[in-house]
Number of protein chains: 2
Amino acid sequence: MPRTVDAGQRRTAIAEAVWRVIRRDGLEHASVRGVAAEAGLSMGSLRHWFGTQSELLAFAMRMVIDRIIDRVRECPASDDARAFVERVLGELLPLDDDRRAESEVWLAFVARALADPDLRVLAAESDERLREACGMLLDVLARDGQFDTARDRAVETERLYALVDGLLVHAVITPGRGTAPRMRAVLARHLDDLRPPG
Amino acid sequence: MPRTVDAGQRRTAIAEAVWRVIRRDGLEHASVRGVAAEAGLSMGSLRHWFGTQSELLAFAMRMVIDRIIDRVRECPASDDARAFVERVLGELLPLDDDRRAESEVWLAFVARALADPDLRVLAAESDERLREACGMLLDVLARDGQFDTARDRAVETERLYALVDGLLVHAVITPGRGTAPRMRAVLARHLDDLRPPG
DNA sequence: CCGAAGCTAGCACGACTGTGCTAAAACAGG
DNA sequence: CCTGTTTTAGCACAGTCGTGCTAGCTTCGG
């Protein structure tokens, strides 16, 4: 089957157009027409790549989640466990403009997922994966003696994960308050508290 | 000026209709027609109480924020500082169906506030007030010797506030995971960590 | 009982929505 | 060059949207 363009590449470019529309006008204005215009395509052409709007939005949401998780995965291993953990958690927070953009889009999709069954599945999946990642970070700290193994791992996992997402939401809502150094300081303080006593 | 019905009461009832529509269909489906039907009113009648849709949504958002903060305010003072703090924080989390409903509506509004200047102001205001409340809770603990005053108050305030909102978001997204006892356990563990050493 | 005000109801308009559909353009392999 | 497939383009339909507007209904002051 002859294919003149890379289908995945094209769909990715369209998904990025969705993100731009969401950031500029909000998810409720991410119409087929609007996204097509943003992507520089005609309406009919867009519908060749995405048969329905649901499919388009689901793809755009999955894409932003994958991008976040991929960036976490690509964090280089480090001898310093504490530095590694701080780096990974830093990849999840909106510390720069790119990640702020991702965080805003992510929040928009999560809110829509509350009333959209298709998106809800994606939200639950990413929730699962990120929670697991937080648990594994505690294991990394534990191997380096920086996590008190007397603590309840499940509770501490949820605590760390909730802290990160809470910081993210706050930074997105009030950009003036949640500056990058402040978020790093909160994160550092939390990790300090997890260390064994003494 | 003769008034046959209480205006505030009527507007409140309409706001509650907005919340029900948001929970059932999502904020993007909270149309003037849909809300009017949910409230048992005609379209024109609804427009007598709210001239525009923006005014309607802004009122509904302010209403849910006020309701949350009012409930926190009404927490009875207690001799046991720790119990008092746990109770107040518990009022913010979706520990029962009513508060789950509030939390879902709150999240929907916050996400929309990202691209809606009017709602963004409300979101920033509530953010400010709740952050202050968390700081005051730390003061309550400190007066009872349950908060290590050597800690940075601003950092710990943001940490506590982020933890609460993170728990809220997780509970809303994945109701199965974020059960009430689990959230309470995470909160309790966090407060334990804030105590002075020894 | 009457007038005025508060309140309700509903239509109409223009704009925008998602999707079905057809046809032309760009490109592939033969 | 020709043929078949991929890709683009754009119209049409039915539906929903927010809001302006007018008319009728209810209630109250006098």
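Which residues in α8(A) meet α8(B)? Keep that in mind as you click around; the tour gets there after a look at one chain by itself. One thing to know before starting: this is a predicted model.

**Stop 1: chain A on its own**

Hide chain B for a moment and colour chain A by secondary structure. You'll see nine helices and zero strands. Follow the chain from the N terminus and the elements read α-α-α-α-α-α-α-α-α. Turn it around to get a feel for its extent: the C-alpha trace of chain A spans about 65 × 40 × 30 Å along its principal axes.

Chain A has 198 residues, and 37% of them count as buried. Now think about contacts between residues with a separation of 6 or more: in chain A, 61% of these are between residues 24 or more positions apart.

**Stop 2: helix α6 of chain A**

Select residues 97-113 of chain A, which make up helix α6. The helix has 17 residues and reaches 24 Å from its first C-alpha to its last, close to the 24 Å expected at 1.5 Å a residue. Is it mostly enclosed or mostly open? Of the 17 residues of α6(A), 13 are buried, so the helix is largely enclosed by the rest of the structure.

**Stop 3: bring chain B back**

Show both chains. A turn of 180 degrees with a shift of 0.0 Å along the axis lays chain B on chain A with an RMSD of 0.1 Å. That is the relation of a two-fold axis.

Next, select the residues where the chains touch. You should find 35 residues of chain B in contact with 35 residues of chain A. On the chain B side, the elements that give two or more residues are α6 (97-113), α7 (117-143), α8 (153-173) and α9 (180-193). The largest share, 13 residues, comes from α8(B). Colour that side of chain B by class and you get 18 nonpolar, five polar and twelve charged residues.

Do the chains use matching surfaces or unlike ones? Here 100% of the interface residues of chain B are also interface residues in chain A, so the copies meet through the same surface.

**Stop 4: where α8 meets α8**

Time for the opening question. Select residues 153-173 in chain A, and then α8(B) as well. From α8(A), the residues to pick out are A:Arg159, A:Ala162, A:Leu163, A:Val164, A:Asp165, A:Gly166, A:Leu167, A:Val169 and A:His170. Across from them in α8(B) are B:Arg159, B:Ala162, B:Leu163, B:Val164, B:Asp165, B:Gly166, B:Leu167, B:Val169 and B:His170. The residues of this contact divide into ten nonpolar, four polar and four charged.

Now look at how the helices cross. Their axes are 6 Å apart and the packing angle is about 100 degrees. That makes α8(A) roughly perpendicular to α8(B).

Stay on α8(B) for a second. This helix has 21 residues and reaches 30 Å from its first C-alpha to its last, close to the 30 Å expected at 1.5 Å a residue. Since 18 of those 21 residues are buried, α8(B) is largely enclosed by the rest of the structure.

**Stop 5: the loop after α8**

Move on to B:Gly178, in the loop between α8 and α9 of chain B. With 23 C-beta neighbours inside 10 Å, B:Gly178 counts as buried. Leaving out residues up to four places away in sequence, B:Gly178 touches B:Leu167, B:His170, B:Ala171 and B:Met183. For a distance to try in the viewer, pick B:Val88: B:Gly178 is 90 residues from it in sequence and 18 Å from it in space, C-alpha to C-alpha.

**Stop 6: α1 against α6 in chain B**

Finish with α1(B) and α6(B), whose axes are 10 Å apart and pack at an angle of about 80 degrees. So α1(B) is roughly perpendicular to α6(B). From α1(B), B:Trp19, B:Ile22 and B:Arg23 meet B:Ala101, B:Glu104, B:Val105 and B:Ala108 in α6(B). By class, this contact has five nonpolar, no polar and two charged residues.

One last click: B:Val21, also placed in helix α1 (residues 7-25) of chain B. B:Val21 counts as buried, with 22 C-beta neighbours inside 10 Å. Neighbours within four places in sequence aside, B:Val21 is in contact with B:His29, B:Ala30, B:Gly34, B:Val35 and B:Glu38.

Terms used:
Residues are numbered from 1 along each chain as its sequence is written. Chains are lettered from A and ligands numbered from 1 in the order in which they are written. This is a predicted model: local features need pLDDT of at least 70, side-chain atom pairs count only at pLDDT 80 or more; totals for chains, interfaces and linings use all residues. Two residues are in contact if their C-beta atoms, placed from the backbone, lie within 7 Å. Helices (H or I, at least four residues) and strands (E, at least two) are DSSP runs, numbered from the N terminus. Ala, Val, Leu, Ile, Met, Phe, Trp, Tyr, Cys and Pro count as nonpolar, Asp, Glu, Lys and Arg as charged, and the others, Gly among them, as polar. Axes are lines fitted to C-alpha atoms, for helices over the stretch in contact, and angles run from 0 to 180 degrees between N-to-C directions. Angles under 35 degrees count as roughly parallel, over 145 as roughly antiparallel, 65 to 115 as roughly perpendicular and the rest as oblique. A residue is buried if 20 or more other C-beta atoms lie within 10 Å of its own, exposed if 12 or fewer, and partly exposed in between; C-beta atoms are placed from the backbone. Copies are superposed by least squares on the C-alpha atoms of residues with pLDDT of at least 70 in both. The expected span of a helix is 1.5 Å times one less than its number of residues.
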